[in-house]
Amino acid sequence: MKRSKLALFGGDKVVSNEFKRYNSIGIEEQNAVHSVMKSGILSKFIGANHPDFFGGPKVKEFEEKWSQYFGVKHAVTVNSWTSGLVCALGAIDLEPGDEVIVSPWTMSATATAILNWNAIPVFADICKDTYNIDPVSILKNISKYTKAIVVVDIFGQSADMDEIMEIANKYNLKVVSDTAQAPNARYKNKFAGTIADVGGFSLNYHKHIHTGEGGVLVTNSDEIAQKLKMIRNHGENVASSNNLVNMIGQNFRLGEIECTIGIEQLKKLPYLVEKKQNLAKKLNKSLGNLEGLKTPYLKSDRDHVYYGYGMVLDVNKLKISRKVICNALRAEGVMVSEGYVNIHLLPTYQNKIAYGSKGFPWTSDICKREVSYQKGICPVAEELHEKTFFSFGLCVYDLSLDDIELISKVFKKVWNNLDEIRNKA
């Protein structure tokens with residue numbers, strides 16, 4: 001490729017206009033919403049012992065269609081996936097002081113949902129290739145107080161569910177799948193999110209499909225499904241004395257408008273995911289031979305739906321920092337993000353380094369042992385976040401093949417000028 005002056009150093013940028021924002025909503029959703037508006041039934045939930053405890057007609061229809069599509073016995077809608085995580089963790093009967101193993105690479109809500117039940121997050125490290133929770137690290141973090149594992153299918157690829165379920169069965173643990181970023185992803189011919197005791201998906205506006213805000217839980221357990229529905233809708237108002245364990249109900253209900261949008265969005269899911277996959281495959285092929293750049297790794301027994309396009313730099317080989325390379329890419333018009341997150345190092349946990357007598361105010365009396373959140377407990381996640389990992393948001397944009405060509409051109413332009421970057425950085 002002929003060298004051209006980098007935009008970082010005053011040259012012309014490759015991408016002159018912002019990429020079109022992703023929007024999966026069309027005329028089908030508009031018509032469906034209009035029909036619900038005409039009906040006048042925007043919600044039908046009643047937090048009491050009544051048939052409408054389970055919601056209105058669109059809620060029930062959406063849940064039925066979701067359960068059929070994903071091949072599960074039960075689907076339960078909620079007003080956000082954060083609410084869904086709270087429901088899921090409550091439905092597996094967590095008690096104060098129970099420990100739940102979780103990845104540090106996820107949305108903060110995945111861990112704060114554990115705190116919601118006065119249980120204790122214990123962070124296990126991630127795999128350096130898929131960025132999902134590492135089964136080896138899970139084993140190292142199991143104690144006699146461990147009750148569950150929260151598995152996050154990060155960026156669109158399933159975690160190692162066979163190994164994780166084997167561990168869970170051996171130690172009598174429950175498994176919750178946070179599949180917010182991986183709708184329609186498959187693991188050995190099963191949908192991600194459906195293998196655990198309870199799993200679920202986000203319908204937040206920046207996911208593959210959405211209802212603005214919302215989420216859907218899935219399970220094959222009648223008992224767990226019942227508890228999910230009770231937590232969602234003030235279940236203490238309809239429960240007998242033995243229905244609830246460490247549980248009170250909330251208002252986590254999704255309305256009729258959101259559910260009728262969800263029905264139409266679900267129809268589009270296969271097409272929308274396949275489109276992302278085809279774009280990512282083209283990008284993989286184009287960037288795969290760039291020195292010191294690792295494109296998303298895909299295990300052979302599963303697929304990837306590319307909510308995010310995660311990459312790793314060999315900064316030692318390139319002799320350039322991640323920040324400088326990312327600045328060069330952004331200057332050319334490709335908005336990449338450096339790092340991801342390490343939840344265990346957030347102020348919520350660092351202000352109270354260890355549980356026990358000096359633990360969180362809301363847990364200090366129920367902690368059964370001290371759990372460290374010191375830097376160094378998740379070395380793979382920490383190094384990736386701090387030094388080598390960066391990503392491009394494939395679900396942020398509605399990209400065409402021409403856009404992928406432009407993105408590829410940007411990367412190749414930057415890599416073609418690495419010597420200049422080294423000299424001027």
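Tyr and Pro count as nonpolar here, Asp as charged, and Gly as polar along with the residues outside those two classes. By that split, the largest cavity has a lining of 5 nonpolar, 5 polar and 1 charged residues. The model you're looking at is predicted. Below is a quick tour of its empty spaces, one bent helix, some salt bridges and a couple of unusual backbone angles.

**The cavity**

- Rolling a probe the size of a water molecule over the atoms shows where empty space is left.
- The count comes to 1 cavity of 30 Å³ or more, and the volume of the largest cavity is about 60 Å³.
- Its walls are made by Asp-129, Thr-130, Tyr-131, Ile-154, Phe-155, Gln-157, Pro-296, Tyr-297, His-304, Gly-308 and Gly-310.

**The largest pocket**

- At about 440 Å³, this is the largest pocket in the model. There are 24 residues in its lining, and those closest to the centre are His-206, Tyr-307, Gly-393, Cys-395 and Val-396.
- Two strands, β11 (309–313) and β13 (389–392), each put at least two residues into the lining. The biggest giver is β13, with 3 residues.
- Sorted by class, the lining of the largest pocket comes out as 12 nonpolar, 11 polar and 1 charged residues.

**The second largest pocket**

- This one holds about 350 Å³ of space.
- Which residues lie nearest the centre of the second largest pocket? They are Trp-81, Met-107, Ala-180, His-206 and Lys-207, out of 23 that line it.
- Helices are the ones to look at here: α3 (81–91) and α4 (108–115) are the elements that give two or more residues to the lining. Of the elements, α3 gives the most, with 3 residues.
- Its lining divides into 10 nonpolar, 9 polar and 4 charged residues.
- His-206 is worth a click, as it is listed among the residues closest to the centre of the largest pocket and among those nearest the centre of the second largest pocket.

**Helix α8**

- Helix α8 covers residues 256–287, which makes 32 residues. At 1.5 Å a residue it should span 46 Å, and its end C-alpha atoms are 44 Å apart, so the two values agree.
- Where does α8 bend? The bend is at Lys-268 and comes to about 50 degrees, with a proline, Pro-270, following within four residues.

**Salt bridges**

- Side chains of opposite charge can pair when their charged atoms come close. A search of the whole structure turns up 26 salt bridges.
- Glu-332 pairs with Lys-413, with the closest N and O atoms 3.1 Å apart. That pair ties together distant parts of the chain, 81 residues apart: Glu-332 sits in the loop between α10 (322–331) and β12 (337–338), and Lys-413 in helix α13 (residues 401–416).
- Are the partners in that pair buried or exposed? Buried means under 20% relative accessible area, so Glu-332 at 0% is buried, and so is Lys-413 at 3%.
- Arg-330 and Glu-338 also meet through their side chains, at 2.7 Å from N to O. Arg-330 is partly exposed, with a relative accessible area of 22%, and Glu-338 is partly exposed too, at 24%.
- Asp-419 and Arg-422 form a salt bridge of 2.8 Å, N to O. They are 3 residues apart in helix α14 (residues 418–424), so about one helical turn separates them.
- In that helical pair, Asp-419 counts as partly exposed at 43% relative accessibility, and Arg-422 is partly exposed at 29%.
- There's also a network of salt bridges, linking Asp-160, Asp-162, Lys-188, Lys-299, Asp-301 and Arg-302.

**Positive phi angles**

- Most residues other than glycine have a negative phi, and most peptide bonds are trans.
- Asn-189 has a positive phi, near 70 degrees, though the residue is not glycine. Look for Asn-189 in the loop between β6 (186–187) and β7 (190–191), where it is exposed, with a relative accessible area of 71%.
- His-234 is not a glycine either, yet its phi is positive at about 50 degrees. You'll find His-234 in the loop between α7 (222–232) and α8, and at 26% relative accessibility it counts as partly exposed.

Technical notes: Residues numbered from 1 in each chain as written. Predicted model: local features only at pLDDT ≥ 70, side-chain atom pairs only at ≥ 80, totals over all residues. Heavy atoms only, no water. 1 Å grid on protein atoms, 1.4 Å probe; cavity = no way out; pocket = protein on both sides within 12 Å on 5 of 7 lines; lining within 4 Å. Points joined across faces, edges and corners; volume = space filled by probe spheres on them. Expected span 1.5 Å × (residues − 1). Bend = angle between axes of the 7 residues up to and from the residue. Salt bridge = Lys/Arg side-chain N within 4 Å of Asp/Glu carboxyl O. Buried < 20%, exposed > 50% of the residue type's maximum accessible area, 1.4 Å probe, protein only.
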